[in-house]
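Dear colleague,

Please find below the structure that I am handing over to you. My notes on what was found in it follow directly after.

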Amino acid sequence: MAYAHLVKPGSKVNLDKIDPGYHDGLEKEAAFEEMAKIGERIGELQELMAAASQTALLIIFQGRDTSGKDGAINRILSYVNVQTARVAAFKVPTEKERGHDFLWRVHMETPARGGMTVFNRSHYEDVVVVRVHDLIPKKVWKPRYDQINEFEQLLVSSNTVVLKFYLHISKEEQEQRLLEREKDAEKAWKLSIGDWKERDFWDKYTEAYEDALEKCSTEGAPWRVISANHKWFRDLAIAQAIVHALEPHEAGWRAHLESLGKEERALLLDYRKAGGKPTKAE
Ligand code: ADP
């Protein structure tokens, strides 16, 4: 059973109806055991994907402050070969970025075939934070949902697997996490008055996120809501969704690599027949 809540294209989203503390009855210990197996599988699949170089993987993380984007990204990256994976973080756009369309800076960071890129925030800020804080007029952000869907469709039709995770925490859990940062000297560097101020906009964020999840969950690039109050369940749900998304490609990658191997062997055989000899190093 899938641990993530898949937003069916065309369906309504009510975040209050999705339990952020959900953990499918799992205990922490059992979850860690399952996670170790799933993590190994992610590593195996990502290695095949990189070697076959036919498919790219884009993972998008969105969520409120303290929802665990950084923690989840660290965890997922711990299972993959970092030589073929990278993270792109999206902050307040620079002056140069603001001079372009909102997808310009995003498109440049998308992975090439064989590669994996994780977005820490994304183009969804351009329909969420800008709306919550009235940074731009409605007539500018409203058409963006369709523009985002077209953009993601372009990526999907160019062999990119697009996975989108909304990390769902409760208001109480957020308060706990912010208070912990205050208490813990080692975590205090993460403190920001802005995070407390943003809590005043909790409902506006809920509304903006529900709209983004509803309008931009498509067949090719659906949204998944991840119950994220329990960090161990959050990571497990994400990891499982990644494996489920990559597995259908596995047979194709293996077949492609096998045929590449056959071609190379045939070339080597011809070389040997023509008198080519292994060097000492071989
Ligand atoms: P994080 O909170 O992700 O750890 P920062 O504290 O640097 O990292 O926050 C990045 C900030 O940039 C967030 O407040 C986010 O809303 C903002 N941001 C990202 N993209 C945009 C955008 N397109 N327009 C306005 N603000 C944005």
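How many helices and strands does the secondary structure of the chain come to? The count is 11 helices and six strands. Please bear in mind throughout that this is a predicted model.

**The chain as a whole**

The chain has 282 residues, and 47% of them count as buried. Measured out along its principal axes, the C-alpha trace spans about 75 × 45 × 40 Å.

**The ligand and its surroundings**

Where does the ligand sit? Its place is in the largest pocket. The residues around the ligand include a run from Phe-90 through Lys-91 and Val-92 to Pro-93. Arg-105 and Arg-121 also belong to these surroundings, as do Glu-125, Asp-126, Val-129 and Val-130. By residue class, this shell divides into five nonpolar and five charged residues, with no polar ones.

Three of the charged side chains deserve a separate mention for their distances to the ligand. In the side chain of Arg-105, an N or O atom is 3.2 Å from a nitrogen atom of the ligand. In the side chain of Glu-125, an N or O atom is 2.9 Å from an oxygen atom of the ligand. For Asp-126, a polar side-chain atom lies 2.9 Å from a ligand nitrogen atom. On its own, the ligand has 570 Å² of accessible area, of which the protein covers 69%.

**Two residues with positive phi**

Arg-121, already named among the residues around the ligand, is found in the loop between β4 (116-120) and α5 (129-132). Its phi is near 70°, which is a positive value in a residue other than glycine. Is Arg-121 buried, partly exposed or exposed? Arg-121 counts as partly exposed, because its relative accessibility is 22% and the partly exposed class runs between 20% and 50%.

Asp-134 also has a positive phi, of about 50°, although it is not a glycine. The place of Asp-134 is the loop between α5 and α6 (138-141). Asp-134 counts as exposed, because its relative accessibility is 59% and the cut-off for exposed is over 50%.

**Helix α11 and the loop before it**

Helix α11 covers residues 231-273 and contains Asp-235. Arg-234 is found in helix α11 as well. The side chains of Arg-234 and Asp-235 are joined by a polar contact of 2.8 Å. Are these two residues buried or exposed? Asp-235 has a relative accessible area of 5% and is buried, and Arg-234, at 4% relative accessibility, also counts as buried. Asp-235 can further be placed relative to Ile-38: the two are 197 residues apart along the chain, and their C-alpha atoms are separated by 10 Å.

The loop between β6 (223-227) and α11 holds Asn-229. Asn-229 is buried, because its relative accessible area of 17% falls under the 20% cut-off. Between the C-alpha atoms of Asn-229 and Asp-195, which are 34 residues apart along the chain, the separation is 17 Å.

**Strand β5**

Which strand holds Thr-160? Thr-160 is found in strand β5, which covers residues 160-168. With a relative accessible area of 8%, Thr-160 is buried. In sequence, Thr-160 and Thr-110 are 50 residues apart, and in space their C-alpha atoms are 9.0 Å apart.

Tyr-166 lies in strand β5 too. The relative accessible area of Tyr-166 is 1%, so this residue is buried. Tyr-166 and Lys-142 are 24 residues apart along the chain, with their C-alpha atoms separated by 20 Å.

**In brief**

The points to carry forward are these:

- The ligand sits in the largest pocket, and the protein covers 69% of its accessible area.
- Arg-121 and Asp-134 are non-glycine residues with positive phi, near 70° for Arg-121 and about 50° for Asp-134.
- Arg-234 and Asp-235 make a side-chain polar contact of 2.8 Å.

With kind regards

Technical notes: Residues are numbered from 1 along each chain as its sequence is written. This is a predicted model: local features need pLDDT of at least 70, side-chain atom pairs count only at pLDDT 80 or more; totals for chains, interfaces and linings use all residues. Side-chain values use heavy atoms; hydrogens and water are left out. A residue is near a molecule or strand if one of its heavy atoms lies within 4 Å of it. A polar contact is a pair of N or O atoms within 3.5 Å; within protein, one must be able to donate a hydrogen and the other to accept it, and residues adjacent in sequence count only if both atoms are side-chain atoms. Accessible areas come from the Shrake-Rupley method with a 1.4 Å probe; for residues, only the protein chains shown count as cover. On a 1 Å grid over the protein atoms alone, a cavity is a set of points where a 1.4 Å probe fits but cannot get out, and a pocket is an open set with protein on both sides within 12 Å along at least five of seven lines; lining residues have an atom within 4 Å of a point. A molecule sits in a cavity or pocket if more than half of its atoms lie within 2 Å of its grid points. Ala, Val, Leu, Ile, Met, Phe, Trp, Tyr, Cys and Pro count as nonpolar, Asp, Glu, Lys and Arg as charged, and the others, Gly among them, as polar. Helices (H or I, at least four residues) and strands (E, at least two) are DSSP runs, numbered from the N terminus. Buried means under 20% relative accessible area, exposed over 50%, partly exposed in between (1.4 Å probe, protein chains only).
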